[in-house]
Amino acid sequence: EATGEPVKEFVPTTIDGELVGYKTRVFPKDFSQPIGKVGKECDLIGQFRFKNHAHTCLIVGGEIKQRAAYQMLVDNQKARGKDEYETVAVVSPTTGEPSAWKQCQAQYTWLSQFKKVIVAMDNDEAGEAANELICKILPKGKAFVMKMSYNDADEYIKHGDEKKFINDFYKARQWTPSEIVSSDRIYQEIVRRASVDKLPF
């Protein structure tokens, strides 16, 4: 009360769109006091808001990142005068990144309604591993990976770099298993090699 700083955050969790609990965060990062159900049996955070969306879904690594990403995407849509169009559905797991794929797998039917599912876990080694695990269980051909310039979505706002987030979002690449190279990357490599100086026999 003396400083006005937040002490605790309550994030609603749902199952089939119905409220079942609150994931709580005692600042800065204590998640040990949940209320009700908050595990992998729950919907993804924010999922209840996007029941009929069908174009693009963005999965990020946490509830603050979820709100930050949604804010930047909606602000960009309004700035372009396209607010009559469907917004990007932005969600995050209620669990940590290592087990996020299990929760996404449980929501396979819901995720299948989208034409494109972009995964953007934190820009670090653990986040990259989580990206791979999530993409493996998504509907074939719909998984994309967003390479972020900052560690996570809310850092773009902290740095006043929202336009960079939008650029990174639209540069998301279609995911392919690590041992397979996509056709667009093969083409880029062919073009690159064609321009390399060669010695005649």
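In which helix does Lys65 lie? In this predicted model, Lys65 belongs to helix α1, which covers residues 63–79. This helix makes a good starting point for a tour of the structure. α1 has 17 residues and spans 24 Å from its first C-alpha to its last, close to the 24 Å expected at 1.5 Å a residue. After the helix comes Gly81, which has a positive phi near 70°.

Many side chains of α1 are hidden from the surroundings. The buried residues of α1 are Glu63, Lys65, Gln66, Ala68, Ala69, Met72, Leu73, Val74, Asn76 and Gln77. What do these buried residues pack against? Their partners are the strands β1 (8–15), β2 (18–26), β4 and β5, together with the helices α5 (153–158) and α6 (162–170).

Lys65 deserves a closer look. With a relative accessibility of 15%, Lys65 counts as buried, because the cut-off for that label is under 20%. Setting aside neighbours within four places in sequence, Lys65 touches Val60, Asp122, Asp152, Ala153 and Asp154. One of these contacts is also a salt bridge: Lys65 pairs with Asp152, and their closest N and O atoms are 4.0 Å apart. Asp152 sits in the loop between β7 (143–145) and α5, so its pairing with Lys65 in α1 ties together parts that are 87 residues apart in sequence. Both partners, Lys65 and Asp152, are buried. Asp122 joins in as well, and Lys65, Asp122 and Asp152 form a network of salt bridges.

Salt bridges also turn up elsewhere, and the count for the model comes to 6. Another one that involves α1 is the pair of Arg67 and Glu9, whose closest N and O atoms are 2.3 Å apart. This pair links distant parts of the chain, with Arg67 in helix α1 and Glu9 in strand β1, 58 residues apart. The two ends have unlike surroundings: Arg67 is partly exposed, at 39% relative accessible area, whereas Glu9 counts as buried, at 12%. Lys158 and Asp154 form a salt bridge too, with 3.4 Å between the closest N and O atoms. These two residues are 4 apart in helix α5, so about one helical turn separates them. Here Lys158 is exposed, with a relative accessible area of 64%, while Asp154 is buried, at 15%.

The nonpolar interior comes next. Its largest core has 21 residues, and those with the most contacts inside it are Cys57, Ile59, Trp110, Leu111, Ile134 and Leu138. At least two residues of this core come from each of β4 (56–60), β5 (89–91), α2 (100–106), α3 (108–111), β6 (116–120) and α4 (125–137). Which element gives the largest share of this core? That is α4, with 4 residues. As for Leu138, its contacts beyond four places in sequence are Tyr108, Leu111, Val117, Val119 and Ala143. Another core lies apart from the largest one and has 19 residues, including Ile118, Ala120, Tyr150 and Ala172.

Nonpolar residues are found at the surface as well. Phe10, Leu19, Tyr22 and Ile35 make a nonpolar surface patch of about 370 Å². Among them, Ile35 lies in strand β3, which covers residues 35–36. Ile35 is partly exposed, with a relative accessible area of 40%.

Conventions. Residues numbered from 1 in each chain as written. Predicted model: local features only at pLDDT ≥ 70, side-chain atom pairs only at ≥ 80, totals over all residues. Heavy atoms only, no water. Core = buried A, V, L, I, M, F, W, Y, C linked by side-chain atoms within 4.5 Å. Buried < 20%, exposed > 50% of the residue type's maximum accessible area, 1.4 Å probe, protein only. Contact = heavy atoms within 4.5 Å. Patch = residues over 30% accessible without salt bridge, like charges linked within 9 Å, V, L, I, M, F, W, Y side chains within 5 Å. Areas by Shrake-Rupley, 256 points an atom, 1.4 Å probe, with all protein chains shown as cover. Salt bridge = Lys/Arg side-chain N within 4 Å of Asp/Glu carboxyl O. Expected span 1.5 Å × (residues − 1).
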